[in-house]
Amino acid sequence: MQACYPKVNHEHKMDKLGLGLDEAGNQESDTTSPHENRRQSIQRCIQSLVHACQCRDANCRLPSCHKMKRVVHHSKNCKRKANGVCPICKQLIALCCYHAKYCKDARCPVPICLNIKPALEIEVHIYH
């Protein structure tokens, strides 16, 4: 977003809506495809999510840990989530779905992972 704003000269105000978790690891090279950059970004966010859900250190030094703990806490208390209008909750749910596709942990601490896995298994059996 930051790169296109000065180039395109947008008429409207551009608001950044992401979870803001991947900015530190966002040094994408020109040789990496946008698809690969997105995949790597999602992987880093999933790693942050898993770490934050397991971390009990209130003074954890990982910046993404504190941010993700705030996002998870927000999601648990969000009043707009039920209506599907909260962009933060939507992104967290999408991230949890990506995570659940490959998660093998029967006692996974990631929010809604244990609820998503059975639905994904049913979907796989229906479409394959």
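Reader: To start with the outside, how much accessible surface does the chain have, and what share of that surface belongs to carbon and sulfur atoms?
Author: The accessible surface comes to about 9700 Å², and carbon and sulfur atoms hold 54% of that area. These areas come from the Shrake-Rupley method with a 1.4 Å probe, where only the protein chains shown count as cover for residues. Please keep in mind that this is a predicted model: local features need pLDDT of at least 70, side-chain atom pairs count only at pLDDT 80 or more, and totals for chains, interfaces and linings use all residues. Residues are numbered from 1 along each chain as its sequence is written, and side-chain values use heavy atoms, with hydrogens and water left out.

Reader: What makes up the secondary structure of the chain?
Author: There are five helices and zero strands, so the order from the N terminus is α-α-α-α-α, given that helices (H or I, at least four residues) and strands (E, at least two) are DSSP runs numbered from that end.

Reader: Why is Ser-75 called buried or exposed?
Author: Ser-75, which lies in helix H3, has 9% relative accessibility and therefore counts as buried; the cut-offs are under 20% for buried, over 50% for exposed and partly exposed in between (1.4 Å probe, protein chains only). Across the chain, 27% of the 128 residues are buried. Leaving aside neighbours within four places in sequence, Ser-75 is in contact (heavy atoms within 4.5 Å) with Lys-81, Cys-89 and Leu-92.

Reader: And what about Gln-47 and Ile-112: which class does each fall into?
Author: Gln-47, in helix H2, has a relative accessible area of 54%, so Gln-47 is exposed. Ile-112 sits in the loop between H4 and H5, and its 35% relative accessibility makes it partly exposed. Ile-112 also has a positive phi of about 60 degrees although it is not a glycine.

Reader: How do you know how H2 and H3 are oriented?
Author: Their axes are 8 Å apart and meet at an angle of about 75 degrees, which means that H2 is roughly perpendicular to H3. Angles under 35 degrees count as roughly parallel, over 145 as roughly antiparallel, 65 to 115 as roughly perpendicular and the rest as oblique. The axes are lines fitted to C-alpha atoms, for helices over the stretch in contact, with angles from 0 to 180 degrees between N-to-C directions.

Reader: What kinds of residues make this contact of H2 with H3?
Author: Seven are nonpolar, three polar and one charged. Ala, Val, Leu, Ile, Met, Phe, Trp, Tyr, Cys and Pro count as nonpolar, Asp, Glu, Lys and Arg as charged, and the others, Gly among them, as polar.

Reader: How are H3 and H4 oriented?
Author: H3 and H4 pack at about 110 degrees, with axes 10 Å apart, so H3 is roughly perpendicular to H4 as well. The contact includes Met-68 and Val-72 of H3 and Leu-92 of H4; by class, its residues are seven nonpolar, two polar and no charged.

Reader: What is the largest nonpolar core made of?
Author: That core has 20 residues, and Leu-49, Met-68, Leu-92, Leu-95 and Val-110 have the most contacts inside it. H2 (34–54), H3 (63–77), H4 (87–102) and H5 (113–127) each supply at least two of its residues, with the largest share, six residues, coming from H2. Such a core is a set of buried Ala, Val, Leu, Ile, Met, Phe, Trp, Tyr and Cys residues joined through side-chain atoms within 4.5 Å.
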